[in-house]
Amino acid sequence: MNSILPQNEPVLSYGPDSGERAGILAALKQHAGVVTEIPLLIGGQRFSGIRTQSLHAPHDHRRQLATVSQAGPAEVGQAIAAATAAQHEWAAMPFEARAAIFLRAADMLAGPWRQKLNAATMLGQSKTVFQAEIDSACELIDFLRFNVSFARDMLQQQPLSGPGMRNALDYRPLEGFVYAVTPFNFTAIAGNLPCAPALLGNTVVWKPAFTASLSNYLFMELLEAAGLPPGVINFVPGSAASVSETVLDSSDFAGLHFTGSTEVFDSLWQQVSRRLPNYRSYPRLVGETGGKDFILAHPSADPDAVAVALLRGAFEYQGQKCSTASRAYVPASLWPRIKCRLLDDLTTLRMGDVENLGNFIGAVIDRKAFERIAGYINNARSAGESILAGGICDDSHGYFVTPTVIEVEDPQAVTMREEIFGPVLSVMVYPDRAWSEILATVDGTSPYALTGAVFANDRLALEEASQRLRFSAGNFYFNDKPTGAVVGQQPFGGGRRSGTNDKAGSVLNLQRWTSPRTVKETWVPAKNYRYPHMS
Ligand code: NAD
């Protein structure tokens, strides 16, 4: 029997005169002039002032938001010890008692904590209010509530019991702790990666991304306020390579829950492989990684719908979503109309400080990202590619890159193949008659397979694209942009070099955090070893 699914958290509008608008402005005001101290949180204890680093707002890099303590090998060792010590009691707690903590956290986030977490996400990660609302409020609340519901269903999956016996599956947690390594770009993902394994009775060492530590620490405080016992999730910001080295050296390491770049996941997987014989169990490795997501328009597509999908899909959150549309294939017959609409709309799009709610986009996350994105744009310019819009990079106040559209002739151009992770969209115009060839190009151009969208009014074209691009994307869209997956509606994850495709926010992901034990009980045990055929 399926449990009743929760409703997705409604997205608030922040329109003029709305209560939520007043709420977010008040929450933002509370940060004015404040430098938050972010400690390590290990076994319920705070460790402050350890090798601190300053965190600044991406859209105003002179503004310091926080000082963040950085765990070294000794503190990481303490976090592992705390996770290991908390394991027995946490795993023994009834599922519904553990679930109550996460359901309570969801309600607190939907209520009094909503604008606190949205404000921290806006300031620390340079999200507009809408982008923060769909992330640190709605998606995170949905992860917390839906995972409880999916886990209840999973626990009810039990084997048959024939006459004279009882069979059962005991959904044990993994034997050891889970290591959660989280990305900067979604507060919801950062929160979900430690919470999903914890819900199933695992204890966790959580290494957040430095640039997201303001919102991530606040979420940690919310979990504590909701009653999470000490040691269940241990928060250890710090040098990524060094924290990982210590964690992966532990024989109690039992699983990795990762979201981030393909390169880092590769390196973690290789480090685990090298140490494999040292571990008590085969570790579960779950990683959702990079993307080079596409929009493909068929000659029968609605050009205005394509133009709007390109703008929203490529430029919301400055193109820093793993699902961002960063390569587009448009038929020659539709390109004049799509180009005109896209470039016109881009002239009206406002970029700037996210505290000004009229802005559509903010800054990219940090100097490293700024320089990487500027490098791609400059190389495209030097290669003689046609930059139709944007292309201006200005770091005088914050890390701002104007939404950039590049028209390429070579389908194998670098910007059509590599993940840029910034507001850069490359478009290739193809002859209308080359539809079949372009499907092969879309499939074969990039090593990733995360998201993709096809626009067409012709149903046969949609079906053909769906078949020919079956392995090109783990999340596939008809006539919609390839971003904005909703928990419970479009379980998220991709194949090929985009990750292990364990679909965050679904039962498939939760199954990775349990190691079931089968139990058979016989009511009347045999007392004679002989079988009838032996008579
Ligand atoms: P990143 O790989 O730079 O960092 C991710 C995490 O790994 C961070 O916590 C970081 O500190 C840590 N890390 C970095 N170097 C490390 C090392 N050598 N050893 C161990 N840990 C290390 O990624 P990011 O910049 O935070 O996020 C952007 C990337 O994440 C993009 O590639 C994007 O596509 C991907 N992403 C994928 C999904 C998905 O669901 N597929 C979702 C969000 C982001």
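**Helix α14 and its surroundings in a predicted model**

What packs over the buried residues of helix α14 includes the strands β12 (293-297), β13 (325-331), β18 (424-430) and β20 (451-455), together with helix α15 (459-468). Here, covering is a matter of contact, meaning heavy atoms within 4.5 Å. Buried stands for under 20% relative accessible area, exposed for over 50%, and partly exposed for what falls in between (1.4 Å probe, protein chains only). Helices (H or I, at least four residues) and strands (E, at least two) are DSSP runs, numbered from the N terminus.

The model is a predicted one, with local features needing pLDDT of at least 70 and side-chain atom pairs counting only at pLDDT 80 or more, while totals for chains, interfaces and linings use all residues. Residues are numbered from 1 along each chain as its sequence is written, and side-chain values use heavy atoms, with hydrogens and water left out.

Helix α14 itself takes in residues 435-444, and W435, I438, L439, T441 and V442 are buried there. Looking down the axis of α14, these buried residues fall within an arc of 165°, so they line one face of the helix. The arc is that of the directions from the helix axis to the C-beta atoms.

Stepping back to the whole chain, there are 16 helices and 23 strands. The chain has a radius of gyration of 25 Å, close to the 24 Å that the globule rule gives for 535 residues, so it is as compact as a globular protein of that length. That radius is taken over C-alpha atoms, and the rule is 2.2 Å times the number of residues to the power 0.38. Along the principal axes, the C-alpha atoms fill a box of roughly 85 × 65 × 50 Å.

Buried residues account for 56% of the 535 residues. Of the contacts between residues at least 6 apart in sequence, 77% join residues at least 24 apart. As for the surface, the chain exposes about 21800 Å², and carbon and sulfur atoms supply 54% of that. Accessible areas come from the Shrake-Rupley method with a 1.4 Å probe, and for residues only the protein chains shown count as cover.

Two residues in the loop between α10 (303-315) and β13 catch the eye, starting with Y317. Y317 has a positive phi of about 45° although it is not a glycine, and at 1% relative accessibility it counts as buried. Q318 sits in the loop between α10 and β13 too. Its phi is near 55°, again positive in a residue other than glycine, and Q318 is buried with a relative accessible area of 1%.

Towards the start of the chain, L5 belongs to the segment before α1 (19-29). L5 is partly exposed, at 44% relative accessibility. Leaving out neighbours within four places in sequence, L5 is in contact with F146, S149 and F150. L5 and L469 are 464 residues apart along the chain, with 31 Å between their C-alpha atoms.

F150 turns up again among the contacts of V507, which touches F150 and M154 when residues up to four places away in sequence are not counted. V507 is part of helix α16 (residues 507-511) and counts as partly exposed at 28% relative accessibility. From V507 to I4 there are 503 residues in sequence and 15 Å in space, C-alpha to C-alpha.
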